[in-house]
Amino acid sequence: MFELTIALLFVGFILYKLMLIVPMREVNVIERLGKFRIVLKPGFHFLVPFVDRVAYRHDTREEVLDVPPQSCISKDNTQLEVDGLVYLKVMDGKLASYGIENYRRAAVNLAQTTMRSEIGKLTLSQTFSERDSLNESIVREIDKASDPWGIKVLRYEIKNITPSIHVIHTLEKQMEAERRKRAEITLANAEKDAMINISQGERQEAINLSEGQKQKRINEAVGSGQQITIIAKAKSEGMDMICTALANEGGNDAMNMMLKEQFISQVGNILSESQVSIVPAEMAKLEGFFEGMEQVTHAVAKPSSATKGAR
């Protein structure tokens, strides 16, 4: 029984060394007597026991490696601390095994040195605003250098860019000054706009007032012209009527009587309103005055009686 057990264990060990199952996510590098033989892809494979052996196993999935923080100096001599992530994938198992001792550590170190070199080409403000171009530059440089290693660098992402404490305080003061500057510019622009609006309002008000005064004077002139025209027309019509009346029989007598009545009325008004009485010299001959008035009255009455008798 002991010999049988030993035999079974030996056969099992031989079978274990003879068969090889490679998982889906891996590739295995096989060496025969210490020399590279083949790279086995996922699946079932046979090996020569005690001759072939699995020298390296590589994960073919995309790997994420953390790049530790490191101190960098920007183009404007600003000290920064930068860290990131590098994404890579094994493309050739043979090169990944024999091209370099440890491709993961080499990729991380290369990412650090490349990142330090690329940041040295940029100013502080550019490192924040041009992260995408910075990532692309680092990926391009790492991928070019890692091609003999059998790996493919897919992308690189900067996680944090941390300036020194002194730089942070300087940036905070600069931002505060910039905010005050923008506030003062905004206030100045507001005051400027307000003054422009006020001046435009005053200008428009002056224009409106002048237009109103102009229209008022035009209206007054038009009204005065119309008034003068109406008065002149009335006087012209009155003169025409007077001339017509004078041309008729008894017109002169009526005119004389009307003038005398107006004369007496005006003299009465002057005597009633003035404190000093001024009497014309002709008024001293009252008898002649009243006689003349009586004659005028008789002269006016005769044509009127004649007119009634005719009727």
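A charge sits over a ring if NZ of Lys or CZ of Arg is within 6 Å of the ring centre and within 35 degrees of the ring normal. Keep that rule for the first exercise. The model used here is predicted.

**Exercise 1. A charge and a ring**

Task: Find which ring the charged end of R155 sits over, and give the distance to the ring centre.

Solution:
- Step 1. Locate R155 and look at its charged end. The ring beneath belongs to Y87.
- Step 2. Read the distance. The charged end of R155 is 4.2 Å from the centre of the Y87 ring.
- Step 3. Apply the cut-off. The limit is within 6 Å of the ring centre. R155 therefore counts as sitting over the ring of Y87.

**Exercise 2. Confidence and overall make-up**

Task: State how many helices and strands the protein has, and say where pLDDT stays under 50.

Solution:
- Step 1. Count the elements. There are 8 helices and 8 strands.
- Step 2. Check the confidence. The protein has a mean pLDDT of 79, and 79% of its residues reach 70 or more.
- Step 3. Find the weak stretch. Over residues 303-311, pLDDT stays under 50. For residues 303-311, the model has 0 contacts beyond four places in sequence.
- Step 4. Turn to burial. Of the 311 residues in the protein, 21% are buried.
- Step 5. Turn to the surface. About 22,400 Å² is exposed, and carbon and sulfur atoms supply 58% of it.
- Step 6. Look at contacts with a separation of 6 or more. Residues 24 or more positions apart account for 65% of them.

**Exercise 3. A cluster of rings**

Task: Classify the ring pairs F36–Y98 and Y56–Y98, and say which parts of the chain they link.

Solution:
- Step 1. Choose what to read. A pair of aromatic rings is described by the distance of the centres and the angle of the planes.
- Step 2. Set the scene. The structure holds 3 aromatic pairs.
- Step 3. Take F36 and Y98. Their ring centres are 5.9 Å apart and their planes stand at 80 degrees. Planes over 60 degrees apart count as edge-to-face, so F36 and Y98 form an edge-to-face pair.
- Step 4. Place this pair. F36 is in strand β3 (residues 35-40), and Y98 is in helix α2 (residues 93-98). The two are 62 residues apart, so the pair links distant parts of the chain.
- Step 5. Take Y56 and Y98. The centres are 5.5 Å apart and the planes are at 85 degrees, so this pair is edge-to-face.
- Step 6. Place this pair too. Y56 lies in strand β5 (residues 52-59) and Y98 in helix α2, so parts 42 residues apart in sequence are tied together.
- Step 7. Check exposure. F36 has 28% relative accessibility, Y56 has 33% and Y98 has 37%. F36 is partly exposed, Y56 is partly exposed and Y98 is partly exposed.
- Step 8. Join the pairs. F36, Y56 and Y98 form a cluster linked by ring pairs.

**Exercise 4. The nonpolar core**

Task: Which element gives the most to the largest nonpolar core? What does V82 touch?

Solution:
- Step 1. Size the core. The largest nonpolar core has 31 residues. V82, Y103, M115, I119, I151 and Y156 have the most contacts inside it.
- Step 2. List the elements that give two or more residues. They are β6 (63-73), β7 (79-90), α3 (103-119), α5 (131-145) and β8 (151-163).
- Step 3. Pick the top giver. α3 gives the most, with 8 residues.
- Step 4. Zoom in on V82. Leaving out residues up to four places away in sequence, V82 touches partners including Q70, M115, I119 and I161.
- Step 5. Look at Q70. Q70 is in strand β6. Its relative accessibility is 7%, so Q70 counts as buried.

**Exercise 5. Positive phi**

Task: Where do L33 and N77 lie, and are they buried or exposed?

Solution:
- Step 1. Recall the rule. Most residues other than glycine have a negative phi.
- Step 2. Read L33. Its phi is near 55 degrees, a positive value. L33 lies in the loop between β2 (26-32) and β3.
- Step 3. Read N77. Its phi is positive, about 60 degrees. N77 is in the loop between β6 and β7.
- Step 4. Judge exposure. L33 is exposed, at 70% relative accessibility. N77 is exposed, with a relative accessible area of 69%.

Technical notes:
Residues numbered from 1 in each chain as written. Predicted model: local features only at pLDDT ≥ 70, side-chain atom pairs only at ≥ 80, totals over all residues. Heavy atoms only, no water. Helix = DSSP H or I, 4+ residues; strand = E, 2+ residues; numbered from the N terminus. Buried < 20%, exposed > 50% of the residue type's maximum accessible area, 1.4 Å probe, protein only. Contact = heavy atoms within 4.5 Å. Areas by Shrake-Rupley, 256 points an atom, 1.4 Å probe, with all protein chains shown as cover. pLDDT = per-residue confidence, 0-100. Phe/Tyr/Trp six-rings, centres within 6.5 Å; stacked < 30°, edge-to-face > 60°. Core = buried A, V, L, I, M, F, W, Y, C linked by side-chain atoms within 4.5 Å.
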